[in-house]
Amino acid sequence: MDSSCSDERKHAEPSDVRDVDVAATLKPVPLSDEEARSLRRKIDWHIMPFMCIMYLITFMDKTTLGEAAVLGILEDADLSANQYNWLGTIFYFSYLAFQYPQNLALQRFPVGKWMSINILLWSVILCCHAACKSFGALFAVRFLLGICEGAITPGFMIVTSMFYTREEQTLRVGYWFLMNGFAVIILGFVSFGVLHTHTPNFMPWQWLMIITGTITLVTAVLFWFLFPDSPTSAWFLSAKERAQAVQRIRVNQTGIENKHFKYPQFVETVKDPKTWLLVFIAGASNVVNSLTNQRQLIVSQFGFSAIQTTLLGCVDGVVEILTIWLGVRLASSEYIGRAYAGTLMYLPAILGAILVSLLPYSNKVGLLFSYWICIFAIAPFTIFLGWVGSITSGHTKRITTNAMVLCGYATGNAVSQFMWQAQYQPRNHIPWAVITTTNFCSALGLLLLRHILAADNAKRELEGRDPEVESVHVVRLEDGVEVKVDRTFLDLTDKENRNFRYVL
């Protein structure tokens, strides 16, 4: 075996309990296949409903701006097209600026509790939207909303990797991410309802903000008391089940979490070319997400009335649900995998973007269906999010990777808002051309990532697995005794742990 690999292993072996994973303190327990399945069902029933509901609500909340566009906010707050675009952009600029601090907080504090605090603040800020009657006021609350939203997706990515095996993660990420589609449907019906409300000095878009903010407030309180921080402290698991939950995800070779920031892991992440490819994919794949705030305006420009546009928005949600479900199912197949599934989903999306730009503008039904086909482009990013957590090990490296990836996500969302200029309306040829190009580049990025990971796996197979490093001695400071800790829970990075294999 290569001596450099051996030296890397020796250098990576921790000797202090602060360096190892929190799960290292749990004694291994037997776990049969039936017990593992039963435990997974129990975890599913206790955390997936909360993750799904919470992701539904947060997406519903941040897309209220898009619904508000046809509910009177443009006229009531005297917003120009450029100012409206800025309200969508500033959300992602603040998300981008505070993404790494949010990830550091998720490492330092209990994950569930930190997310709950951000959700609570989010709900208050959303309700404050109703009091805003100017661009400046709306700009401020959208900025604050972006800060709070920065904790949700990375928090969910961490929790998913804590409780589920790498084979299970893609489906679970798909389950909570497809809630975006349900959010669009529910928000469409809520918007349809408030559109028919007539209250003096209180516009329909203001009712929308109050209703969604109140729902979020109630959810935040429930989240604080009922959502677990990790398998090692989950309230719904017995002491034996907690140890079994840790044992169940041992195959991930990633551990659970480590509360201490490790600068060498941070440096490794920044220097890893794979990380920057992940950032590029995240940015390119989210240019299409600019449709979130623009879709109501786009559909109305096809020639539909405000009420028709609001109801047709519900179909957007149905399409999103079906495409994400199909995408994660394909990605979970051992014969297809993540990169190929994402690429397959991009093909109809690229076709749809081309058709929206080329079809006669009088063919509003054809334009509408072409627009719906574009929504297929949402599925690859869902697959990608589940993949990121499966190919990264070492807790500091994981939270740093998550932060960088989501900074790419925020950048793609932020800059893409500015391509929807009034001068391009109503055909919007330039925005649709940009969406077509970035979707194509993102698909190429996924295929390149797969090639890099497959080559690395092949190299590691040639090195072979070293049986001498399956466990090491680690000093436990609580009692000063040296005990054997499974290598899985040494909080090593995927580069340090040569037994780690990247899922494809």
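In which helix is V221 found? Select V221 in this predicted model: the residue is found in helix α12. V221 has a relative accessible area of 43% and is therefore partly exposed, a class that lies between the 20% limit for buried and the 50% limit for exposed residues.

Next, extend the selection to I117, L121, V218, L222, W224, F225, L226 and W235, which together with V221 make a nonpolar surface patch of about 850 Å². Two elements, α7 (111-128) and α12 (204-226), give two or more residues to this patch. Helix α12 gives the most, with six residues.

Then turn to the interior, where the structure holds four cavities of 30 Å³ or more. The largest cavity has a volume of about 290 Å³. Select F59, N289, T292, E320 and I378: of the 25 residues in the lining, these are the closest to the centre of the largest cavity. To display the helices around it, colour α2 (33-62), α11 (179-194), α16 (291-301), α17 (306-331), α20 (378-390) and α21 (395-416), each of which supplies at least two residues of the lining. By residue class, the lining of the largest cavity divides into 14 nonpolar, seven polar and four charged residues.

The last stop is the second largest cavity, with a volume of about 50 Å³. Select M157, T160, S161, Q169, V173, L385, G386 and G389, which line this cavity. Here α9 (152-163), α10 (166-177) and α20 are the elements that give two or more residues to the lining. The lining of the second largest cavity comprises three nonpolar and five polar residues, with no charged residue.

Conventions
Residues numbered from 1 in each chain as written. Predicted model: local features only at pLDDT ≥ 70, side-chain atom pairs only at ≥ 80, totals over all residues. Heavy atoms only, no water. Patch = residues over 30% accessible without salt bridge, like charges linked within 9 Å, V, L, I, M, F, W, Y side chains within 5 Å. Areas by Shrake-Rupley, 256 points an atom, 1.4 Å probe, with all protein chains shown as cover. Salt bridge = Lys/Arg side-chain N within 4 Å of Asp/Glu carboxyl O. Helix = DSSP H or I, 4+ residues; strand = E, 2+ residues; numbered from the N terminus. Buried < 20%, exposed > 50% of the residue type's maximum accessible area, 1.4 Å probe, protein only. 1 Å grid on protein atoms, 1.4 Å probe; cavity = no way out; pocket = protein on both sides within 12 Å on 5 of 7 lines; lining within 4 Å. Points joined across faces, edges and corners; volume = space filled by probe spheres on them. Nonpolar A, V, L, I, M, F, W, Y, C, P; charged D, E, K, R; others polar.
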